[in-house]
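These are my notebook entries on a single protein chain. I looked up its overall make-up, one helix, a few individual residues and the salt bridges.

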Amino acid sequence: MSLFNPKNEEEEEQYLPAKLTDQLPDQSLSEEVRDRLRKKGYKRRLRIFSDVIAPMKILGFVLIFISLSYLIVTQLKYLFFQTSYFELKDFEVVGNTVLDSDYILKKAGIAPAQNVFSLETDEIRQRLLEEPLIKDIKVELSSLNSLRISVTERTPIIYAKKGIAFYEISEDGVILNTEGMGEKDLPIFTGLNLENTNIGDSIANHDDFFIAKTWLKNLGKNIFKEISEINLSTPQNPFIIMLSGEKIYPRSAEDMKNRFVFLRALLDNLQKNNVETFYLDMRALNDIVIRPKKLLQTNSENRGNTTGE
């Protein structure tokens, strides 16, 4: 009978630790125990191998995933950026009446056959807004290969005369042109502060421009048709030069509007009677003071004659 014959595997592990089994002489163990120990050693080695191989499997899957991802990215990059499928082919500019479409596209800085994914719409918009005549801009893809640029242009509402130059000013106070000669049918204002201003500058915060807009709003087109210019050198005490040459000191823009019919009838009557005036003063409430030239000349002649005598 064998000296050592454990009844189960737990007893084997208790009495014969794994590291000692190989040191025991074969004669001290039965064949059955040695067989069991061999099986347990095999299982132990298998578990150790599994513990080692598991991280390698995970690492292998990660490497495969990275390789596939890189392959996909490179292929997509080639598809999106190096083929003609996503190149711009058609350009549309709408809303422009003054600026030429080719000029707008050149100003936008869009390269021929540019890839849609390299298109920086915000940068294009900022470049176009540098043009004073452009008030607002919208850049969008109308289809996969088509770009649409919608333009809102500024239009001049008045001339601001400086010396012999006529500055075109938009409603929001931006100087659109400084080389005009007054050829457009626009109200003319003189005396506005235009020192150190250039095309693209804004005078929206200038008090005299605000007053000019007030006059423009109150009088309207029909009255301005009979006005040569409004001088705002002294904004609180402006004067008006009529197309017929008369100089008017108005009380206010609103009063001028309300009494213009009466003023027009008075001017017509003065012209019928060949009365030339230095000015007409409407600053008094409900009164118009007339300073005629002929009367002054007659008085001057009379004074001269009296002196001569």
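**Entry 1. Overall make-up.** I counted the secondary structure elements and found nine helices and 12 strands in the protein chain. I note at the outset that the model is predicted. Of the 309 residues of the chain, 33% count as buried. I then looked up the surface: the chain exposes about 20,600 Å², and carbon and sulfur atoms supply 53% of that area. For the contacts, I took pairs of residues at least 6 apart in sequence; 49% of these contacts join residues at least 24 apart.

**Entry 2. Helix α8.** I selected helix α8, which runs over residues 260-272 and has 13 residues. From the first C-alpha to the last, α8 reaches 18 Å, close to the 18 Å expected at 1.5 Å a residue. I next asked which residues of α8 are buried. They are F260, L263, R264, L266, L267 and L270. Viewed down the axis of α8, these buried residues fall within an arc of 160°, so they line one face of the helix. The general rule is that an α-helix has 3.6 residues a turn, so residues three or four places apart point the same way. On the other side of α8, I found V261, F262 and K272 exposed.

I then looked up what the buried residues of α8 pack against. The helices among their partners are α6 (207-224) and α7 (253-258). The strands are β9 (239-242), β10 (247-249), β11 (277-281) and β12 (289-292). One of the buried residues of α8, R264, also appears in a network of salt bridges, where it is linked with E226 and D268.

**Entry 3. Positive phi angles.** I recall that most residues other than glycine have a negative phi. I therefore looked for exceptions to this rule. N274, just after α8, takes a positive phi of about 55° although it is not a glycine. N274 lies in the loop between α8 and β11 and is exposed, with a relative accessible area of 52%. A second case is N196, also not a glycine, with a positive phi of about 60°. I located N196 in the loop between β7 (188-190) and α6. Its relative accessibility is 76%, and N196 counts as exposed.

**Entry 4. I169 in strand β5.** I asked whether I169 is buried or exposed. I169 is buried, with a relative accessible area of 0%. The residue is found in strand β5, which covers residues 165-170. Leaving out residues up to four places away in sequence, I listed the contacts of I169: T155, P156, I157, I158, A160, V174, I175, I203 and F209. For P156 I also looked up the separation: I169 and P156 are 13 residues apart in sequence, and their C-alpha atoms are 5.0 Å apart in space.

**Entry 5. A nonpolar surface patch.** I searched the surface for nonpolar side chains and found a patch formed by I58, L59, V62, L63, F65 and I66. Together these residues have about 610 Å² of accessible area. I took L63 as an example and placed it in helix α3, residues 31-81. L63 counts as partly exposed, at 47% relative accessibility.

**Entry 6. Salt bridges.** How many salt bridges does the structure hold? I found 10. I looked up three pairs in detail.

- D136 and R125 meet through their side chains at 2.8 Å, N to O. D136 lies in strand β2 (residues 134-143) and R125 in helix α5 (residues 121-128), so the pair ties together parts that are 11 residues apart in sequence. D136 is partly exposed at 33% relative accessibility, and R125 is partly exposed at 29%.
- K138 and E140 form a salt bridge at 4.0 Å, N to O. K138 counts as partly exposed at 47% relative accessibility, and E140 counts as partly exposed at 30%.
- D281 and R283 form a salt bridge in which the closest N and O atoms are 2.8 Å apart. D281 counts as buried at 14% relative accessibility, whereas R283 counts as partly exposed at 33%. Since the cut-off for buried is under 20%, the 14% of D281 places it in that class.

Terms used: Residues numbered from 1 in each chain as written. Predicted model: local features only at pLDDT ≥ 70, side-chain atom pairs only at ≥ 80, totals over all residues. Heavy atoms only, no water. Helix = DSSP H or I, 4+ residues; strand = E, 2+ residues; numbered from the N terminus. Expected span 1.5 Å × (residues − 1). Buried < 20%, exposed > 50% of the residue type's maximum accessible area, 1.4 Å probe, protein only. Arc of directions from axis to C-beta. Contact = heavy atoms within 4.5 Å. Patch = residues over 30% accessible without salt bridge, like charges linked within 9 Å, V, L, I, M, F, W, Y side chains within 5 Å. Areas by Shrake-Rupley, 256 points an atom, 1.4 Å probe, with all protein chains shown as cover.
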